[in-house]
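Me: I should like to learn how to read a protein–ligand model. Please begin with the overall fold and then turn to the ligand.

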Amino acid sequence: MQRVFSGIQPSGVPTLGNYLGAIRNWVALQNDHDCVFCVVDMHAITSWQEPAALRTQTREMAATLLACGIDPVRSVLFVQSAVSAHARLAWIFNCVARLGWLNRMTQFKDKAGKDREAASAGLYVYPNLMAADIHAYHATRVPVGDDQRQHLELANDIGEKFNHDYQVEFFPRIEPLILGPAARVMSLRDGTKKMSKSDPSDQSRINLTDSADTIAQKIRRAKTDPLPLPATTEELAARPEARNLVGIYAALAGIDPASVLTEFAGSGFGTFKDRLAGLTIEALAPIAADTTHWLADPTQLDTLLRAGAERARALADPIVREVEQIVGFGG
Ligand code: TYM
């Protein structure tokens, strides 16, 4: 069975983008893969996080993943900072990756913004830690949204350079799994911007904890254009907001975007948005309820995460110890 690894930052409430682009696919992969899923708090602090909020959000993220259907028995579910192998391997990868490679990372440029000098050094080497997360488990498949594609290419470059420099066949190649019509869900306010849990505008996203009324209201207010829905997907190319809503509908209904248009061609956004809101509420209401249920018993949640960390350590420690031997650490 191939090993899957993926992670999510506890830097806010997870969004519909996280769900459709990643988490939903993680849940499906559990059926035929050996899965390791991680709440990446070490990644989160590359941007400032209030300590108390980070602790709460880490628990909330774990609760949400369980509510979405991550099964803590079949899969290993844990918090990154509880497993030191990630930090140890990340340091070695800091010494393998080249500055030139990191300079090309578009996400660093986006996140650091204009004031690059003020960004943390952690934000800059973030992709090295991400490569370490995956390679510490010898994972070969990584389900992510489209925005992580470049980071996974870098993780492969790092694995390859390590193998080459140390003359070993140690790190396997990673295959990105970027799946479905919602691999890049866009903001509800601007169809050219990614939907993000850290966007200052709450109206730009649907949170997995939003009430039915809030979801319906956000979808009703979502930016669109004055034209009716077209008959073909080609006609969506220059209409980013329309394309986004059609993609979300397709992902939630389990059909392709062309079939959505077969049903809605010629109709205005009013009817379409009502139906989309219905589908979204149907998918998210049970998740919100189940998240609340998990959060009601923090002791149970913490016990479960501690057990997950122990299983993760048992997988990653021997691999990272071997890496340390390869580079010449220890006696
Ligand atoms: P993060 O926390 O930003 O997002 C978690 C997952 O959700 C996907 N995603 C989206 N998919 C579709 N549309 C969107 N608008 C959208 N926004 C987010 C992301 O692609 C991701 O799959 N660097 C990662 C976390 C990470 C990781 C890893 C992932 C750390 N180590 C190792 C895979 C393997 C991140 O910031 O994800």
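Reply: The protein contains 13 helices and five strands, where helices (H or I, at least four residues) and strands (E, at least two) are DSSP runs numbered from the N terminus. This is a predicted model, in which local features need pLDDT of at least 70, side-chain atom pairs count only at pLDDT 80 or more, and totals for chains, interfaces and linings use all residues. Residues are numbered from 1 along each chain as its sequence is written, and side-chain values use heavy atoms, with hydrogens and water left out.

Me: Why is the protein described as being as compact as a globular protein of its length?

Reply: The radius of gyration is taken over C-alpha atoms, and the globule rule is 2.2 Å times the number of residues to the power 0.38. Here the radius is 21 Å, close to the 20 Å that the rule gives for 331 residues, so the protein is as compact as a globular protein of that length.

Me: Which polar side-chain atoms lie 3.0 Å, 2.6 Å and 2.7 Å from ligand atoms?

Reply: A polar contact is a pair of N or O atoms within 3.5 Å. Asn18 places a polar side-chain atom 3.0 Å from a ligand oxygen; for Asp133 the partner is a ligand nitrogen, at 2.6 Å; and for Lys197 it is an oxygen, at 2.7 Å.

Me: How do the residues of the shell around the ligand divide?

Reply: They comprise 13 nonpolar, nine polar and five charged residues, with Asp, Glu, Lys and Arg counted as charged and Gly among the polar ones.

Technical notes
Polar contact = N/O pair within 3.5 Å; in protein donor to acceptor, adjacent residues only side chain to side chain.
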